[in-house]
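Got the viewer open? Grab the mouse and follow along, one selection at a time.

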Amino acid sequence: MFAKLLGETTFGIDGVVVTVEVDINNGLPKFEVVGLPTTAVKEARERVKSAISNSGYVFPMNNLVINLAPADLKKEGSTLDLAMAVGVLVANGQEISQADVLDKIFIGELSLDGGIRKVSGVLPMVMEAKKQGYREIFIPVDNAAEGKLISGIDVYAVRTLSELVAHLSATYPLQPLPKENILSNIERAYSVDFADVKGQPVARRALEIAAAGGHSILMVGSPGCGKTMLARRLVTIMPPMTEAEALEVTKIYSVSGELGDKGLMVERPFRSPHHSTSSNALLGGGTIPRPGEVTLSHNGVLFLDELPEFERSTLEMLRQPLEDGEVNISRVKAQMCFPSKFLLVAAQNPCPCGYLGDPVHQCSCKPKDIENYHHKISGPLLDRIDMQINLVRVEFNELQNKAPGESSADIRKRVIAARNIQLQRLTGTGFYCNAQMGRREVEKFCELDETAAKMLEKYFGALHLSARSHDRVLKVARTIADLDKSTNIQAKHIAEAIQLRTNISA
Ligand SMILES: Nc1ncnc2c1ncn2[C@@H]1O[C@H](COP(=O)(O)OP(=O)(O)OP(=O)(O)O)[C@@H](O)[C@H]1O
Ligand SMILES: [Mg+2]
């Protein structure tokens, strides 16, 4: 007796449809799973056996073989449990037949009593099923929030194996999940606000530009001048994610098992890994690579506080994701490419003691120590950071000023207006903001008027800017022009972009 049906697993951040073949033949009682299963998949045997018996069905006491195809793909996790159990019931001729499961996909982990448990990666699996043209998919009830997001495919949330069998045999049919309009009615509430920040006009302006165009930024300043405070407020002025951006982020969090109770990631991620973090945790890793911090901050903010305290080799690995917006990881067992279009915010002191250049405190560092401190961050890495600004200490009278600074809500209005201009301009390119533009888009969209071109030429030579800096200055200038609602990039926009890029060395 033979059955064939479909399950799904994940590879990287994508779903992969797996064909589950079940054969029951007259031999010695045995239960085998073949087709490159990992230990977790092999362990499914015990769960399938108990779930079937405890749901009131008969587990066949014959030779049982389950084959998972494609055989060259390493199958991980417990998502295939449900498909295997349903396959055993079909092959054993119990209540459901091959016709009842045709072209349907089953996802879920089984508990020993026949319940269906929540699994990671449901969103990318449903997306893949839809992409391949399947019409029906069954997922654990606790993953329903993710299932509601995708229209164009009937998603059923099931509680137990017996509930699923009752539906398939048409005894108690279930209704597919209603679809949700995912980004409507989102209330944004933050515990912090830009209104709390006193002074620091340059940093405020730079962060507004960063949020509007997605540009990376390095803040350098003495201890307690507000670097960490400002960086933590960046998400409060970021524009809301588009539906496509939200789905990209949710897919990553779904696979990483970090979605929690949320169906959809509606807020841009803000990740601030500690400086002791390993390169695997930052970039992604493992025998079968998993997304790291750079991918978990895709479409959001990656905040690296105390930048020089990170391992130099770890920081160097940021070069590829910063340049390409994706990260390639090769391991013996698999090669993966994860998206990583994040906004990098970095903060550091100007020297180990923190007071180099401070008008009040004397710096107590030896020249060698300062040199070593700066040596931690390489030229190529700095070259990839669009804006590099110096923060000065806040004066007493500024701190005493009771009037609140401009609120996040007001700044966000300007940011959203500038981002909408970009979204419209970049329609069809697959990019969402100026920072993501490639060479071709820069050439097409960053045209300068005559005085602006002359100004760029002058500074390009004087400041020995690299070709990369050239493009990055243009992209920042484009964002400044967008904030200014100007179709052309003017000389003042170029001047500000250059000033923000070279603040440290100037
Ligand atoms: N511009 C500011 N306006 C209002 N409060 C400020 C400002 N700057 C600093 N503070 C106060 O000082 C505290 C410390 O600031 P913050 O942690 O941001 O400093 P930092 O620049 O990150 O210092 P370090 O270099 O030591 O990490 C803040 O929590 C806030 O209470
Ligand atoms: Mg700090």
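Helices and strands on this tour are DSSP runs numbered from the N terminus: helices are H or I with at least four residues, strands are E with at least two. This is a predicted model, where local features need pLDDT of at least 70, side-chain atom pairs count only at pLDDT 80 or more, and totals for chains, interfaces and linings use all residues. Residues are numbered from 1 along each chain as its sequence is written, while chains are lettered from A and ligands numbered from 1 in the order in which they are written.

**Stop 1: the two domains.** Colour residues 2–168 as domain 1 and 194–436 as domain 2; these bounds come from an automatic or database domain assignment. Their C-alpha centres are 41 Å apart. Where they touch, domain 1 puts in 14 residues and domain 2 also 14, with contact meaning C-beta atoms, placed from the backbone, within 7 Å of each other. On the domain 1 side, α5 and α6 (144–147) supply at least two residues each, and the largest share, 3 residues, belongs to α5. That side breaks down into 6 nonpolar, 4 polar and 4 charged residues. (Nonpolar covers Ala, Val, Leu, Ile, Met, Phe, Trp, Tyr, Cys and Pro; charged covers Asp, Glu, Lys and Arg; the others, Gly among them, are polar.)

**Stop 2: the open sheet.** Next, show the strands β3-β4-β2-β1-β5-β8-β9: in that order, these 7 make an open sheet with mixed pairing. Strands pair when DSSP finds at least two bridges between them. At the edges are β3 (30–34) and β9 (154–158), each pairing on one side only. From one strand to the next, the twist averages 25 degrees. Axes here are lines fitted to C-alpha atoms, for helices over the stretch in contact, and angles run from 0 to 180 degrees between N-to-C directions.

Zoom in on β1 (residues 2–11) and β2 (residues 14–25), which run antiparallel with 10 bridges between them. Pick A3 and you'll find V22 of β2 opposite. Now add helix α5 (residues 122–131), which packs on the sheet and touches β1, β2, β5 (104–106), β8 (136–140) and β9. The direction of α5 makes about 80 degrees with that of β2.

**Stop 3: some backbone oddities.** Which kind of peptide bond joins A69 and P70? It's cis, with omega about 5 degrees. P70 sits in the loop between β4 (63–69) and α3 (81–91).

Jump to A170, in the loop between α7 (161–168) and α8 (201–213). Its phi is near 65 degrees, a positive value in a residue other than glycine. Buried or exposed, then, is A170? A170 counts as exposed because it has 9 C-beta neighbours inside 10 Å. The cut-offs are 12 or fewer other C-beta atoms within 10 Å for exposed, 20 or more for buried, and partly exposed in between, with C-beta atoms placed from the backbone.

E306, in the loop between β14 (301–304) and α13 (312–316), also has a positive phi, about 55 degrees, without being a glycine. With 14 other C-beta atoms within 10 Å, E306 is partly exposed.

**Stop 4: ligand 1.** Select the 15 residues around ligand 1; the closest are P223, G226, K227, T228 and M229. To be near the ligand, a residue needs its C-beta atom, placed from the backbone, within 6 Å of it. Helix α9 (residues 227–232) gives the most to this shell, 3 residues. By class, the shell holds 6 nonpolar, 7 polar and 2 charged residues.

Methods. Two residues are in contact if their C-beta atoms, placed from the backbone, lie within 7 Å.
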